[in-house]
Amino acid sequence: MISAMASTAAGRLWDVDTGVWTTGSLPRSVRDSVLPNEISRATVALWPTAYRFKRGHRIRVQVSSGAFPRYARKPGTGEPHATATTLKAADQDVYHDHAHPSAVLLPVRAAS
């Protein structure tokens, strides 16, 4: 659920055991696919990464409302980015219960 008219969902993949995060962060605009304060489905796809997680390491997925200054911010009001004069913070809730399943799909390569 998102609280603003427009936002960006950015994802980052972490190796919890080493504190290393991948550089495969890909923001996804959720402006056209959600209505404020309604639960909606959003897919955050990450860029491919060459990071190898060691056996037994824990993986964390971080979802945030953008990655400014790496990516342009969204004003949260629906105004055009270049001319926006008002900013509105966006809160995003990620639901992961029986009624709202969430998933992380990761490719696995056989050890060579």
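## A salt bridge and its surroundings

Asp17 and Arg58 join their side chains in a salt bridge, 3.4 Å from N to O. The two partners come from distant parts of the chain, 41 residues apart. Asp17 sits in the loop between β1 (8–15) and β2 (20–21). Arg58 sits in the loop between β3 and β4. The model is predicted. By the rule used here, the count comes to one salt bridge. Asp17 itself is partly exposed, because its relative accessible area is 40% and that class runs from 20% to 50%.

Now step back to the whole chain. The protein chain has zero helices and four strands. From the N terminus on, the order is β-β-β-β. Of its 112 residues, 20% are buried. Take the contacts between residues at least 6 apart in sequence: 66% of them join residues at least 24 apart. The chain exposes about 8,300 Å². Carbon and sulfur atoms supply 55% of that area.

Return to the salt bridge and look at Asp15. This residue belongs to strand β1. Which side chain of opposite charge is nearest to Asp15? It is Arg58, 7.3 Å away. A salt bridge needs a nitrogen and a carboxyl oxygen within 4 Å, so Asp15 has none with Arg58. Asp15 is nevertheless buried. A polar atom of the Asp15 side chain lies 3.1 Å from the backbone nitrogen of Asp17. Thus Asp17 features in two pairings: its side chain meets Arg58, and its backbone nitrogen lies by the side chain of Asp15.

What else does Asp15 touch, leaving aside its neighbours within four places in sequence? The contacts are Val20, Tyr51, Phe53, His57 and Arg58. Arg58 is therefore in contact with Asp15 without a salt bridge to it, since contact asks for heavy atoms within 4.5 Å and a salt bridge for specific charged atoms within 4 Å.

Tyr51 is one of these contacts of Asp15. Tyr51 lies in the loop between β3 (28–29) and β4. The two residues are 36 apart in sequence, and their C-alpha atoms are 9.2 Å apart in space. Is Tyr51 buried or partly exposed? Tyr51 is partly exposed, because its relative accessibility is 28% and buried means under 20%.

Thr43 is found in the loop between β3 and β4 as well. Thr43 is partly exposed, with a relative accessible area of 47%. Thr43 and Ala9 are 34 residues apart in sequence, with 8.8 Å between their C-alpha atoms.

Next comes strand β4, residues 59–64, which holds Val63. Val63 is partly exposed, at 39% relative accessible area. Why can Val63 join a surface patch? Patch members need over 30% relative accessible area, so the 39% of Val63 meets that cut-off. Val63 shares a nonpolar surface patch with Ile59, Val61, Val94, Val104 and Leu106. Together these residues have about 470 Å² of accessible area.

Finish in the segment after β4, where Thr85 is found. Thr85 is exposed, because its relative accessible area is 70% and exposed means over 50%. Pro75 is 10 residues from Thr85 along the chain. Their C-alpha atoms are separated by 8.2 Å.

Notes
Residues are numbered from 1 along each chain as its sequence is written. This is a predicted model: local features need pLDDT of at least 70, side-chain atom pairs count only at pLDDT 80 or more; totals for chains, interfaces and linings use all residues. Side-chain values use heavy atoms; hydrogens and water are left out. Helices (H or I, at least four residues) and strands (E, at least two) are DSSP runs, numbered from the N terminus. Buried means under 20% relative accessible area, exposed over 50%, partly exposed in between (1.4 Å probe, protein chains only). Accessible areas come from the Shrake-Rupley method with a 1.4 Å probe; for residues, only the protein chains shown count as cover. Patches are made of residues with over 30% relative accessible area and no salt bridge: like charges are joined within 9 Å, nonpolar side chains (Val, Leu, Ile, Met, Phe, Trp, Tyr) within 5 Å. Lys and Arg count as positive and Asp and Glu as negative; His and the chain ends are not counted. A polar contact is a pair of N or O atoms within 3.5 Å; within protein, one must be able to donate a hydrogen and the other to accept it, and residues adjacent in sequence count only if both atoms are side-chain atoms.
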